[in-house]
Amino acid sequence: MDTVVATAPTAPTGHTTALSKLYFLRFAFAAVWAALLFTTAGSLGPVSVTLLVVYPLFDVACAVIDVRSAREAGGPVRGLYANIALSTLTGVGLAVAAASGIPAVLRVWGAWAVTAGLVQLVVGALRRRLGGQWAMIASGAISTLAGASFVAQAGKDGASLGSLAGYAFLGGVFFLLSALRLRRAARDAR
């Protein structure tokens, strides 16, 4: 469900529109990524490892775009930088963990989901005046719980990457819901 990052609580309509477009992109990426990972979830092959590393790096790219937009809107960007650091470390951590097997990957992903979820909860609260942030707040809470479940799953026999695909898709749905709400808020502000 990845991290969403903070901007000013009352950002201009241009920022709301840009954020909506970014959220639509994040939904599309999550849906395609989840489908691809689900088809390769049984083992750690070249495709699944690449997908695992690409996901947090895509999150980094989205945060960089969000930083630029937030700066133009005069909003704070600390949460964005925290997201960039967390997701960059996760990409590296997943690349390393993949050599140790699925349980190690689940532990790294789980730690990322917990920390990213906590950041997302805070950011959703800070962005609540933009509209559509209830979905980001819910997504942050679910991400935190899911991350803990990934770590727990890592200690069981038959650990699989399939749950990560479901997690990413659900996160994408929350981005879609927020994008739709932000689009409506931007139209209403005109």
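**Exercises: ring pairs, a helix contact and a salt bridge**

Tyr 55 and Trp 109 are both buried. Keep in mind that this is a predicted model.

**Exercise 1.** Work out which kind of aromatic pair Tyr 55 and Trp 109 make, and which helices they come from.

*Solution.*
- Start with the total: the structure has 10 aromatic pairs.
- Now take the two rings. Their centres sit 5.4 Å apart, within the 6.5 Å cut-off for a pair.
- The planes are at 45°, which is neither under 30 nor over 60 degrees, so the Tyr 55–Trp 109 pair is tilted.
- Then find the helices: Tyr 55 belongs to H2 (residues 46-73) and Trp 109 to H4 (residues 102-126), so the pair ties together parts 54 residues apart in sequence.

**Exercise 2.** Do the same for Phe 150 and Tyr 167, then look for the cluster they belong to.

*Solution.*
- Phe 150 and Tyr 167 have 5.3 Å between centres and 85° between planes, and the pair is edge-to-face.
- Phe 150 is in helix H5 (residues 133-154) and Tyr 167 in helix H6 (residues 162-189); the pair links distant parts of the chain, 17 residues apart.
- Phe 150 and Tyr 167 are both buried.
- One aromatic cluster takes in Phe 150 and Tyr 167, along with Phe 29, Trp 33, Tyr 55, Phe 58, Trp 109 and Trp 112.

**Exercise 3.** How do H3 and H4 run relative to each other, and which classes of residue make up their contact?

*Solution.*
- The axes of H3 (residues 78-97) and H4 come within 9 Å, crossing at roughly 175°.
- That angle is over 145 degrees, so H3 and H4 count as roughly antiparallel.
- Next, the residues that meet. The H3 side includes Leu 86, Thr 90 and Leu 94; the H4 side includes Val 108, Trp 109 and Trp 112.
- Sorted by class, the H3–H4 contact has 10 nonpolar residues, 5 polar ones and no charged ones.

**Exercise 4.** Which residue forms a salt bridge with Asp 59, and are the two partners buried or exposed?

*Solution.*
- A search of the whole structure turns up 1 salt bridge.
- Asp 59 pairs with Arg 26, with the closest N and O atoms 2.2 Å apart, within the 4 Å cut-off.
- Asp 59 is in H2 and Arg 26 in H1 (residues 13-40), so this salt bridge ties together parts 33 residues apart in sequence.
- For burial, the cut-off is under 20% relative accessible area. Asp 59 has 0% and counts as buried, and Arg 26, at 5%, is buried too.

How values were computed:
Residues are numbered from 1 along each chain as its sequence is written. This is a predicted model: local features need pLDDT of at least 70, side-chain atom pairs count only at pLDDT 80 or more; totals for chains, interfaces and linings use all residues. Side-chain values use heavy atoms; hydrogens and water are left out. Rings of Phe, Tyr and Trp (its six-membered ring) pair if their centres lie within 6.5 Å; planes under 30 degrees apart count as stacked, over 60 as edge-to-face and the rest as tilted. Helices (H or I, at least four residues) and strands (E, at least two) are DSSP runs, numbered from the N terminus. Buried means under 20% relative accessible area, exposed over 50%, partly exposed in between (1.4 Å probe, protein chains only). Axes are lines fitted to C-alpha atoms, for helices over the stretch in contact, and angles run from 0 to 180 degrees between N-to-C directions. Angles under 35 degrees count as roughly parallel, over 145 as roughly antiparallel, 65 to 115 as roughly perpendicular and the rest as oblique. Contact means heavy atoms within 4.5 Å. Ala, Val, Leu, Ile, Met, Phe, Trp, Tyr, Cys and Pro count as nonpolar, Asp, Glu, Lys and Arg as charged, and the others, Gly among them, as polar. A salt bridge is a side-chain nitrogen of Lys or Arg within 4 Å of a carboxyl oxygen of Asp or Glu.
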